[in-house]
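Work through the exercises below with the sequence and the structure open. Each task is followed by a solution in steps.

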Amino acid sequence: MTGDAQEPIVLELDCRGMFCPLPVIELGRRHAEVPVGAVVAVVTEDPAARTDVPAWCRMRRQEYVGEDTAADGTARYRVRRLT
Amino acid sequence: MAPDAGPPAHAHLDAAAGAPLHPAAREVLEAALTRGYADPRALHGPGRDARLLLDNAREVVAECLGLTRDEVWFTSPSDAVQRGLLGLVSGNPRAGDGSVLSAVEHAAVRHAVSWHASRRDDAPVEIGVDAAGRVDPAAFAEAARTPGVAVAALQLANHEVGTAQPVTALDLPPGVPLFVDASASLGPLDLPREGWSAAAGHATSWAGPPGVGLLLVRRGTRWANPFPGDPEPQDAGGGLPDVAGALAAAAALRATLEERAEVDARRRRLVDRIRTVASTLPDTEVVGDPVDRLPHLVTFSCLYLSGETLVRELDRLGFGVASGSACTASTLEPSHVLAAMGALTHGNVRVSLGRDTSEEHVERFVAVLPDLVARLRTEVGL
């Protein structure tokens, strides 16, 4: 299942126009809105998110699923809630 | 003044970016400015005086580094990197134009190889690092064996996280010379005796004058000036050398090495103290190798916090620190070093201790840090 791009995103956080560390703050505040095992995604142009979302997952013991793009081409980072 | 009058003095914890000139260099600088003002290449008396001082500076630096006088040149810090590195490519025209470097080199090194590659429609090969910021010597050497590679570049230790690189463990193929960027580390660390062809140093790393750089080219190296001018290495790229700066840099280097055992044992202990406290903070990671590293530098990142806010708040509390976070850079790009390590790039703080940083400075710092981090987290609601 890990890395499956087809897995539905239960909550998409629109962090367009936000810059570091705001997208990760948004992820930290809201990821628990999805059930354990579900995927939450951060959509942002912030180049720091490419490093910081996986780093957040490592530090907060969540699973980083991977990066793809939203419909408008903005980078989207997918995270599975583990706890 | 009563001991409790007024706030405590500002503690400068950004020595890696600039520190007060070593006291041993101050007197030398004053004397050298008085006597060494002339062009050392001139044939008149003041010129001969300047020449004598410059030769003296070269002799001292060579002795400190275990090199010979004809391996040491004084120039600006960025020129030392550019010429040192690209001169190895120019000196070896049949080898090709390719370059291999670690993903965590200083911007001066990255810019030099990118500039060179862009003129040849080529791309430098960057070798990734582990979570501690260290390049794998086998992967690095393997990439250097690719046909067309003319030079390999590896720093002695990383300027942002302090991790020492395995410069003596590289099994490079014959014909691929190694350039070592020691700009962040000369003084605290020694260049290896063998195994490199050219290197660059920056006097800031040993409390010397910030405008002085060292271009070091080993004897017998195929090196040719990559820029307009004389093909041989020269002081200041053939321009007017900074004689007084060179002499002050030499005096500071000698004094730094003389006091190194004592100063760096203290700095290592104080850095360990900061590492210990930072690692107990919630959602904070201390980055860089804990042991094999620069003795005076420690870096950590705090989840959810802005590097810019941390730098400003610490300044208000009396501490000068640096940050590799994107919000403190002129671009919105985070530190390429932290990104290459996979380390958290926001909320980043780099602390670097000077030769006179005291235990009191550090104790004051570790006393305010936990409350500051907790308060800033509360402000962002986490």
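Take contacts in chain B between residues at least 6 apart in sequence: 71% of them join residues at least 24 apart. This is a predicted model, and the exercises below apply to it as such.

**Exercise 1. Describe the overall build of chain B.**

Step 1. Count the elements: chain B holds nine helices and twelve strands.

Step 2. Compare the radius of gyration with the globule rule. The value for chain B is 22 Å, close to the 21 Å that the rule gives for 382 residues, so chain B is as compact as a globular protein of that length.

Step 3. Add the outer dimensions. Along the principal axes, the C-alpha atoms of chain B fill a box of roughly 65 × 55 × 35 Å.

Step 4. Add burial: 52% of the 382 residues in chain B are buried.

**Exercise 2. Determine the order and pairing of the open sheet that contains β10 of chain B, and find the helix that packs on this sheet.**

Step 1. Read the order across the sheet. Its three strands run β9-β10-β12 in chain B, and the pairing is antiparallel.

Step 2. Identify the edges. β9 (284–287) and β12 (348–352) of chain B each pair on one side only.

Step 3. Take the turn between neighbouring strands: it averages 20°, direction ignored.

Step 4. Look for the helix. α6 (residues 243–280) of chain B touches β9, β10 and β12 of chain B, and its direction makes about 10° with that of β10(B).

Step 5. Check one pairing in detail. Strand β10 (residues 297–302) of chain B is joined to β12(B) by five bridges. Within this pair of strands, T299(B) stands opposite R350(B) of β12(B).

**Exercise 3. Classify the packing of α6(B) against α9(B) and list the residues that meet.**

Step 1. Two numbers describe such a pair: the angle between the axes and the distance between them.

Step 2. For α6(B) and helix α9 (residues 359–379) of chain B, the angle is about 5° and the axes are 10 Å apart.

Step 3. An angle under 35 degrees counts as roughly parallel, so α6(B) is roughly parallel to α9(B).

Step 4. From α6(B) the contact takes L270(B), R273(B), I274(B) and V277(B); from α9(B) it takes E359(B), V362(B), F365(B), V366(B) and L369(B).

Step 5. Sorted by character, the residues of this contact are seven nonpolar, no polar and two charged.

**Exercise 4. Is strand β3 of chain B covered or open, and which strands pair with it?**

Step 1. Count buried residues. In β3 (residues 98–102) of chain B, five of five are buried, and the strand is mostly covered.

Step 2. Separate the two faces. G98(B), V100(B) and S102(B) point one way, while S99(B) and L101(B) point the other way; all are buried.

Step 3. Find one partner. Strand β5 (residues 149–155) of chain B runs parallel to β3(B) and is joined to it by four bridges. S99(B) has V151(B) as its bridge partner in β5(B).

Step 4. Find another partner. Strand β4 (residues 125–127) of chain B pairs with β3(B) in the parallel sense over three bridges. Here V100(B) has V125(B) as its bridge partner.

**Exercise 5. Decide whether R219(B) is buried or exposed, and find its contacts remote in sequence.**

Step 1. Locate R219(B): it belongs to the loop between β8 (213–217) and α6 of chain B.

Step 2. Count neighbours. R219(B) has 8 other C-beta atoms within 10 Å; a residue with 12 or fewer is exposed, so R219(B) is exposed.

Step 3. Leave aside neighbours within four places in sequence. The contacts of R219(B) are then T68(B), D70(B) and E71(B).

Step 4. Compare sequence and space for one of them. T68(B) lies 151 residues from R219(B) in sequence, yet their C-alpha atoms are 8.4 Å apart.

**Exercise 6. Describe the open four-stranded sheet of chain A and the side of chain B that touches chain A.**

Step 1. The strand order in chain A is β1-β2-β4-β3, with mixed pairing.

Step 2. β1 (9–14) and β3 (63–69) of chain A have a single partner strand each, so one side of each is left without a neighbour in the sheet.

Step 3. From one strand to the next the twist averages 25°.

Step 4. Turn to the contact between the chains: 23 residues come from chain B and 15 residues from chain A. The chain B side divides into 13 nonpolar, seven polar and three charged residues.

Notes. Residues numbered from 1 in each chain as written. Chains lettered and ligands numbered in written order. Predicted model: local features only at pLDDT ≥ 70, side-chain atom pairs only at ≥ 80, totals over all residues. Pairing = 2+ DSSP bridges. Helix = DSSP H or I, 4+ residues; strand = E, 2+ residues; numbered from the N terminus. Axes fitted to C-alpha atoms, helices over the stretch in contact; angles between N-to-C directions. Contact = placed C-beta atoms within 7 Å. Parallel < 35°, antiparallel > 145°, perpendicular 65-115°, else oblique. Nonpolar A, V, L, I, M, F, W, Y, C, P; charged D, E, K, R; others polar. Rg over C-alpha atoms; globule rule 2.2 N^0.38 Å. Buried ≥ 20, exposed ≤ 12 C-beta atoms within 10 Å, placed from the backbone.
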